[in-house]
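Biologist: Could you walk me through this structure and explain the words you use along the way?
Modeller: Gladly, let us look at it together.

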Amino acid sequence: MKRVRLLVLNAALGVLDYKLGDREAIPVGSVVIAPLGPRTVTGIVWDEGRLPGTEVPAEKLRAIREVVDVPPIAKPLRRLIEWTAHYYCANLASVARMVLSSGGALGGPTTTTEYRLTGNEVSGRLTAQRKQALERLSGEQGTMRELAAIAEVSEGVLRGMAGAGLIEPVSVAIDRPYPPADPDFHQPELSQDQRRVADRLVDAVKAREYAPFLLDGVTGSGKTETYFEPVAQAIRAGRQVLVLLPEIALTENFLVRFEQRFGTPPVLWHSSLKSTERRRAWRAIAKGADDGGAQVIVGARSALFLPYADLGLIVVDEAHEVSFKQDDGVRYNARDVSVMRARFEEIPVVLASATPALESLHMASTGIYEKLDLPSRFGGAQLPDIQLVDLTVEKPGNGQWLAKPLIDGLTERLERGEQSLLFLNRRGYAPLTLCRNCGHRFQCPHCSAWLVEHRLSARLACHHCGYETKVPSECDECGEPDCLVACGPGVERIADEVAALFPEARVAVATSDTLGNPEKAAEFIAQAEAKAIDVIVGTQLVTKGFHFPELTLVGVVDADLGLEGGDLRAAERTYQQVAQVAGRAGRGAKPGEVLIQTRHPDAPVIAALANGDRDAFYEAETDARRDAGAPPFGRWAAIILSSEDEKEAREAAVRLGDTRPHRDDLYILGPAPAPLALLRGRYRYRFLVNAKRSADLQDMLNHWVSGVQFPPGIRIGIDIDPYSFV
Ligand SMILES: [Zn+2]
Ligand SMILES: [Zn+2]
C-alpha cells in the first residue's frame, strides 16, 4: 500500500504519515489537507526518506482528504526549507509556514466586490461631497475604502451614492492577471561603468547557473538602473525576478523608476497587503511569468520564501540593511538565505549596496562572490564634502543639541532656498522622562526599558513592546504635578530646536511614526520634491532611497549614539548609517556638505568617515573581527531562555549552563540576565556562544538544548548569527 509522509504546518505535530486512499499517486511537494482526529491539517508531501518520523503500521493510516489546487512546492524550495530550518535551528513546520504564508491563497473566495460610478443622470441637487466624489472617481474602480481615499469623502457618503444609483458594485476575479512588463519600454542611458556591470549581469542571467555577485556602488551611482538590465533580460527569457528591499514603506521612489523603465508596476509582497491581494500575488507567483503571472516581485524579506515557478534572478537591494534579519519566529537573515535560494535554484543573485556588510566584502575578497564596482556618481555629481564638528569644543547651548557650525550651515541653506537633513536615529521627543521632585524614572511595566516621550501624539511609549500611556500630568511616584523633565533628544525635540532657531522654516519629522505606510511616505516625498520642506529631521528611515536634488546639507546630530551598547557590529552599523545618510547630500547639480557632530573625533570609525576612507575603516574593522573570532572569521549564536517567572527563568538557565559542552572549537558565555532582562513581561537569561568556523555549531546547540527538560513556562530561542544583542 502506498503511503506518504507529510510535513504538517503545525510545529507541535511535525511529520505525519498518511495513505493515498483511492489516488494512484500524489506528486512530491503537493499541498494537501489530511484528517487528524476530528479536525484537518494542512501539509506538504515530502520526499521519501528525508524526514525522520515514527513508522506507523499501515492499518492505522488514514487517507489524504484533498490535494489543494496549487502547483506542488518545487524541489529547490523544499531543499531551502530544510536548509533554513537546520541552519537557524528552527522548526521545519515554522519555515514551511512562511512558504504558505497566505492562508487565503489555498482556498477562500475567488471573487471580490469593487465599486465604480454608474454614469447615471443625477436628479436634483448634489451635496458638495457627492459632487467631489463624482469628479474624482471618474474612471476609478476599487473597494469602498480605496474610493473613499481617492475622493477624500467618507465611505458613508459613497454608500449613500450607491443607494441613489450613482455607484454600482462590480464582481472582480481575485486571481485576475497582472499586466505584462515590457523589458524594452524605455531604454535608459547608462554610463560606461554601469554598462560594463549591466552586461556582466545580463550574461549571468543568460547562463542560468548559480552565480553570487556583490554590486558595490557609491551612493548615487545608479545601482538600480544598472540591475534593471539583468531584470529586463530575465523578463525577455520569460523567467521571474525577485527584488528584496529593506523598507517596503519606502518603495515609492523605486516603484516610479520601475514603471518608467518597464511601463507597469511590479508585483508587491509585504505584510500590509490585503488578504485578497496576497492570494492574487501568491497564486501569480506560483503560476510563473507567462499569461498574466508574476514576472517581477518586489518584496520585504518574507517574499524570499514564496513558491516561484521559474525564478531567474534575485536582487537584494541595500543588502547591508539590518532589517533583512528577522528577530522573532524563524530568526533568518534574508541576505544569506537569498544566496542559498539562488544556489538551490541555480541562478544568479546580486547583493547591492553602497556600504556592504563586512561579511559580504569578505566573501568577495576570498573569491566566493564576484565583485562589481560602480565607483562614481551618475551624471557627474560629486560626492559630498564631509567635516567633523567636535562637540567637546563646539558646545551646543544648554538643553540644545545643534552646535554653531551646524546652525550656520542651516542658516546658509535657508537663505539659498536649499534643503537640509538632520539625522538622529532616535524616534520621539526624549528617550527618558524623570521626575524633578523625586527622581522617579518612567519605565515600561512589561520591559526593563525607559518609556520614550512622543510629544506629537502626547504619549509615553515603549519601543520594545509597543506599550503606550498618556503623558501623565503628575508623577506616578510622589504625586507632584508638573514635575516631569525630558532627558536627551529624539527627532521631535531636534525639530523643536530648529523651529525655535528658524521660526519661518518648514520642518518635517521623518520616522516610522510619521511615514509608517506607503501613502504617507509618498506624500512626504512629494512635498520634499516640491520644495515644500526646508529641513527634514529623520531617523535611519531617511538614510536610504531618497533622492532630493535640492538637498545640499546633511547634519548628523550625534554620530556617537550608535557606538554605545554591546553590539559587535556597532562600528560597522555607525559607518553604514552615516555614510548612507551622507549620501543623500548633493545628488543633483549642487555640491553637498555633511557635518558630523561627535565627542570622539579620533574614534577610528568617525575618522574614517571624515576622511572618506572606506578601505581604512573596513581594514581596521576586519582586523578587529579577526582578533575577536567574530564573523566572518568565527561565528556567534545566542540562546535566550525566558519565563514570566524570574526564578523559573534563572533556574532553567543555570540548569542549561550545568550541561554546557566543553570543546576546543567554541566557548560559551553565560548564563547572565539579558541586557533587556524583562521583555513583554518575560524575564530573560542569555548565553552567547562563540565558535570557530569549523565547529558544527547547529548540531552542538540542538544536542545541548534538547538534552535538558524544561518546565512548560520556559521558552527557548536560538539565534544564529545574531544582529540583536539585547
Ligand atoms: Zn516624583
Ligand atoms: Zn515594553
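**Two domains and two zinc sites**

Modeller: Domain 5 and domain 6 bury about 500 Å² between them, with 54% of that on carbon and sulfur atoms. Buried area is the accessible area (1.4 Å probe) that two parts lose on being put together, summed over both. Please note that this is a predicted model, where local features need pLDDT of at least 70 and side-chain atom pairs count only at pLDDT 80 or more, while totals for chains, interfaces and linings use all residues. Residues are numbered from 1 along each chain as its sequence is written, chains are lettered from A and ligands numbered from 1 in the order in which they are written, and side-chain values use heavy atoms, leaving out hydrogens and water.

Biologist: Which three residues supply 73% of the area that domain 5 buries against domain 6?
Modeller: They are His446, Ser448 and His464, more than any other three residues.

Biologist: What makes the site of the zinc ion (ligand 1) tetrahedral?
Modeller: Four donors count as tetrahedral if all angles lie between 85 and 135 degrees. Here the angles among the four donor atoms are 108 to 110°, and the site is tetrahedral.

Biologist: Which residues coordinate the zinc ion (ligand 1)?
Modeller: Cys435, Cys438, Cys475 and Cys478 do, each through SG, at 2.2 to 2.4 Å. Donors are N, O and S atoms within 2.8 Å of the metal (3.2 Å for Na, K and Ca); water is not among the atoms, so sites may look incomplete.

Biologist: Why is cysteine 475 called buried?
Modeller: Buried means under 20% relative accessible area, exposed over 50%, partly exposed in between (1.4 Å probe, protein chains only). Cysteine 475 counts as buried because its relative accessibility is 2%. Cysteine 478 has 33%, so it counts as partly exposed.

Biologist: Which residues are the protein donors of the zinc ion (ligand 2)?
Modeller: Cys444, Cys447, Cys462 and Cys465, again through SG, lie 2.2 to 2.4 Å from the zinc ion (ligand 2). Their spacing along the chain is C-x2-C-x14-C-x2-C, and with angles of 106 to 113° this site is tetrahedral.

Notes
Tetrahedral: all angles 85-135°; square planar, octahedral: opposite > 155°, others 65-115°.
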